[in-house]
Amino acid sequence: MSQDTSGTAERDRVTLAELERRITKGREQPAYGHGALIVCDRLVRIFTAQGVEVQALQGLDLLVQQGELMALVGASGSGKSTLLGILAGLDMPTAGAASVAGFDLLALDSGARLRYQREVVGFVWQQTSRNLLPYLTALQNVVLPMGLAGRVKGRQARADRAGELLDLMGVGYCADRRPQQMSGGEQQRTAIAVALANHPSLVLADEPTGQLDSASAAQVFDAFRTANEQLGTTIVVVTHDQAVASAVDRTVAIRDGRTASEVIRRTSVDDEGRTTVHASEYATVDRSGRLQLPRDFTRALDIRDRVMLELEPDHIALRPDHPEQDGQANR
Amino acid sequence: MAEPRFRHSGDVSWIRARLRAAPGGTLACAALVLVTAFLAAALPRAVDGYEDTALRETVSRASLPGRSVTMSLQVSRLSVPFDPEALLTSTSLRETEAQFQKLVRPPLALERDQTVYGVRSVDTVATDPGLPRIPSDALLPPKGTLVAQPDLAANTRLVEGRLPHPRGDDRSVEAVITDRTAKVMKLRAGSAFHLEDAVGSVMTVRVTGIVAPRTPAVAWWNAEPDLRKPRLVSLANPGGDPNPYWHFTALIDDNATNVLLGLQDGALAYWHHPADIDALTAHDVPALRDRLAALTAGPAAARLQAQQRDLRVEEQGLSKLLGPFADERTAAQPLVLVAAVGMSAVAMVVLLMAAGLSAARRRNEFILLRARGISLGALTGRLLAEGAVVAVPSAAAGLALALFLLPAERAAVAVWSAATVAVVATVSLPLRAAATARRPRSQQREDIVATRPSRRRTVAELTLVALVAGAVVALRQRGTADGGADLLTAAAPVLLAVVCALVLLRLYPWPVRLLARSFARLNGAVLHLGLARAGRAPSTTALPLLAVLVSLTVTSFGGSVLAGVESGRDHAAVTAVGADARVQTDGALPQKLASQVRKVPGVREVTGVRVDPGQQVMNAGTSFDLLVVDPEPYARLVAVTGLGSSFPAGKLDAGASRAIPAIASPLVARTFKHRVGDLGSVRSSVGQVMVRIVGTQDATPASPDHEFLIVSKNALARVAPATREPAHGPSTLYATGTGIDARALRAAVSKAAPKALVMLRTEQRASYGTTSALQSGTRHVYLVAVAAGAGYSVLALLLSLLHNAPQRKALLARLRTMGMTGRQRQWLAVLEMLPQVLLGAFGGILVALAEVPLLRQGVDLTALAFSAAEPVTGASGAVLRTDPPSLLLPSAALVVLACAVLAVQARLTGRRGEGTELRMGERS
């Protein structure tokens, strides 16, 4: 009896100490997405209108590192614009966690939101008329956010900086023109300059080339790339445009409110100086290990409710669940 | 760092950029604020202006003594035993005048250069046989007054003889008289007359010269009566003809006043101060009356009398003029206040709608700015500055224009009104923008229309309706207020309109939706589409409907006031005369007069009534008129005039007992009832008669303001046959008819009964028709306010159409691409807005009908219908009445106007190409 009790007491002691050790180890480990600029963890956004519920985002996970130039693609209704609205601070998620550059997007009060919108994020909408104030010139449009943030002091300093940004975007000659006097491509490039006015860490763009022809679209995308390379700004572009999607380093496809697949492009230069671009498509795995199978795969194998998984030394095999085939295999 | 490449710093001056961006809108806004501020400042100035004009006209129509404040001091050897002469010297008079002037404070303003003071004798008669009397055998001798006023030489021109010397003894004095006095009294330079006082002591007055006034119109000659020429005064003689006598004045030197002390009653020192008409202001009238009362009987008078005993201040007409004026002004104020409140409500609605329209148009800009990181305070501040730059100068210009064009005394109210307009115009846009852009929201479709409004809006509307309904109930239960300007009463139309607008806006979609559902089965698309769109919850607020309702209500209020005044006057005329014409005399009228009156063109029926006034119920204090009538014709008279309920003529002749049946007024009936068995004896012109009460009437034509008892002629003749004689015949004839010839009637009456009095209802009615300056001024201001309100409500309708214009244009363009013809599109546009317009018209009628019983007790029309000079019987008829034309005409005009505007807009939009309306990628 006494032996038993001493044994159990020892086991209890060990169990308690063991628990403490596990907790401290867990705390020391970096949190999910530590070090990334954008961390979306099981983000949910539900719209309710007159008794009808729409789940725009159903537990979306996304990690974007600093300095990335990435695109978000997806069918309409997949939730891309909703995600962009949340990241821009214009919308509040229903559940989950989202943080950008250390700002927790679910816990922004009005002062913090203001700071976030001024200093951390810049955005470009699709309609060019909504990006610029129609009664101000291009230069004045770029100067306006600087004046609001107040970081650059002095009117001349602000004007100079605005001019530099416009030159960077390639529309320096439009500085004194009003939006009605500029073409669509020039307007969008000015809009990018406006988004960059306060040196934000993140620039969001919602289909910026949607209303433009391919030449202007190429110019606009060059502007994005310049901003990304020279200013180090992280850029997230939501787009339908295949040209844009294939020019960025990372493309994330969103389907049914979750990230479904990613395409990562790596450029390699071989010995003769030829650059090769390798594009590989991946399926996204979220934190709990969930995976979305591409539709053509599931249709090809007629995968419906269940799949069988087998762990091999260097891969996982996925087989559809067809009972008669299994029976044959077993025999 | 490169040298600055840009000429301007690029730092945008927000205000300049905004003003340059939309010059048309800015100008329109500035014009709106200017007009509104002008009207807001002009209304109080105009009201002040016509009130002051009316007051000054009223006072200037009075004679000089009738609008003067007079100080007087009786000095005689009896009343001032010690040195009375010192009080009559011109120095003493001047000092007393100076002391009086110290007590004169605003608002009482007396004309200093029209002040007249002097000394005169009291009540003497001139018994010289040579002096004229009219008629020559008249009983009373002329009365003469000796007057000493300073500056005799300066005010007179010597015609004959010389000016009087001051020396004289106790019994004789030198004097001059005016040329007209000399002519009438038959005196010459060098002649003398004697004045005798009540105890018989005689003073000789030697006329040393004849003078003529240098300026006859100045106060010097007009303050004291009869200075320039004698006047024939009639002394009333009860029981006979009045006795006339002459009253004349002679001027003595102002240093000779001591001689007046030789008369028994001594001398009267007087100081006349005419009121300064140009300094009178209507809003100071109560303070002025207080000041006058203080001077005549209050602390100021006490202070004067402390200086000098027996010093009295009185004014013979000023307060009698001011009293009725103040009453009339108080009675006219509710009208003006209702118009002012209504007009300002509509103007505020338009300003708020303009701000709302601007905020809706610039919504994307605000959202963009907020998303770029502008704080709410900074955004509001910029919009405030933008608004102030436009609104404040415009309001100042409007105020200056009003102050310049409409002169009046006070400017405070006008300045405050214009300032309010400027504040509302400046502040409304920032507040609206702050409400819209408070929480940054991503873009939504703008043409989404909810089936029903949000819950928050429902709660807000319910709260507002509850508050306003509570105010309306409180107003109703208050009953007769203490008269005059009352803000709650004046705001009642606006409150009613608010409730009606909110309730109607909630209720109207349901029947429209039912209609739309039933029209869905028709072939065409227009009706169904239009009604379906109209059946959704309205995207605009209740503001345009409110503006329309308020202006319709104010218009119909004016109409009901006029209708009330007219019907009040009609009722008073009928009550005063009793029929369309009345011939009355004391005693009995000649018998053939009735048939002659019947022959006068226009007369339909004549009935005779004998009126015996002053009867008394035995042992009770009630006095009444005994009316002996012919029952059937009298019943017809009652039916025609409407004075009294249905007259039971049959009862008056029924019964054969000794007590004749009688119909009494309620008080007489009650007095009779306290005795045994309703029987009572009444003393008539033929002795005691027993009567039995068989009915009561509230009023009767033959006795408008007394209690009465009506008996039948035949029944009376049955118990007292003496009444059949002509001497007991009818004393009054009542004639009914239309278009009675007044001249013929008077001719017929004067031929048969010269002393009879003839009154016609039409003449009596016309006598009420004189409108004073105050009433016509009120009417002008009211009309202008109604016109302004109507203009503003039309503007509100236009703004609400403008509010929806982009969506409507896009919708019509899309429908055109789908194949809808131009006419169908026009109809669709009209149909979409028609329910709201019809709602406005219908709601206006509802509110106008509801406000009459609500305001009836608070608005007293008696002072407006009748001038306050004579009391009027039957003035109770002057209350607000619904006036159908003023209800229906404005509503109909509104509907027609709205349809016209909509049709024009639809035709205009039909011409533009669709390329500009529909763009690829636009989400709305």
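A polar contact is a pair of N or O atoms within 3.5 Å; within protein, one atom must be able to donate a hydrogen and the other to accept it, and sequence neighbours count only if both atoms are side-chain atoms. This is a predicted model: local features need pLDDT of at least 70, side-chain atom pairs count only at pLDDT 80 or more, and totals for chains, interfaces and linings use all residues. Residues are numbered from 1 along each chain as its sequence is written, chains are lettered from A and ligands numbered from 1 in the order in which they are written, and side-chain values use heavy atoms, without hydrogens and water.

**Exercise 1. Place B:Asp580 and find the partner of its side chain.**

Step 1. Locate the residue. B:Asp580 sits in the loop between α18 (543-577) and β13 (581-584) of chain B. Helices (H or I, at least four residues) and strands (E, at least two) are DSSP runs, numbered from the N terminus.

Step 2. Check its cover. Relative accessibility is 14%, so B:Asp580 is buried (under 20%; exposed is over 50%, partly exposed in between; 1.4 Å probe, protein chains only).

Step 3. List contacts (heavy atoms within 4.5 Å). Leaving out residues up to four places away in sequence, B:Asp580 touches B:Ala735, B:Thr736, B:Gly737, B:Ile740, B:Met759, B:Leu760 and B:Arg761. B:Ala735 is 155 residues away along the chain, yet the two C-alpha atoms are separated by 5.9 Å.

Step 4. Name the partner. The side chains of B:Asp580 and B:Arg761 form a polar contact of 2.8 Å.

**Exercise 2. Decide whether A:Gln140 is buried or exposed, and trace its side chain.**

Step 1. Find the element. A:Gln140 belongs to helix α4 (residues 138-149) of chain A.

Step 2. Read the area. The relative accessible area is 14%, so A:Gln140 is buried.

Step 3. Follow the side chain. It reaches the backbone nitrogen of A:Thr137 at 3.0 Å.

**Exercise 3. Summarise chain B.**

Step 1. Count elements. Chain B has 31 helices and 21 strands.

Step 2. Gauge burial. Of its 924 residues, 49% are buried.

Step 3. Look at sequence range. Among contacts between residues at least 6 apart in sequence, 80% join residues at least 24 apart.

Step 4. Read the surface. Chain B exposes about 43100 Å², and carbon and sulfur atoms supply 59% of it (Shrake-Rupley method, 1.4 Å probe; for residues, only the protein chains shown count as cover).
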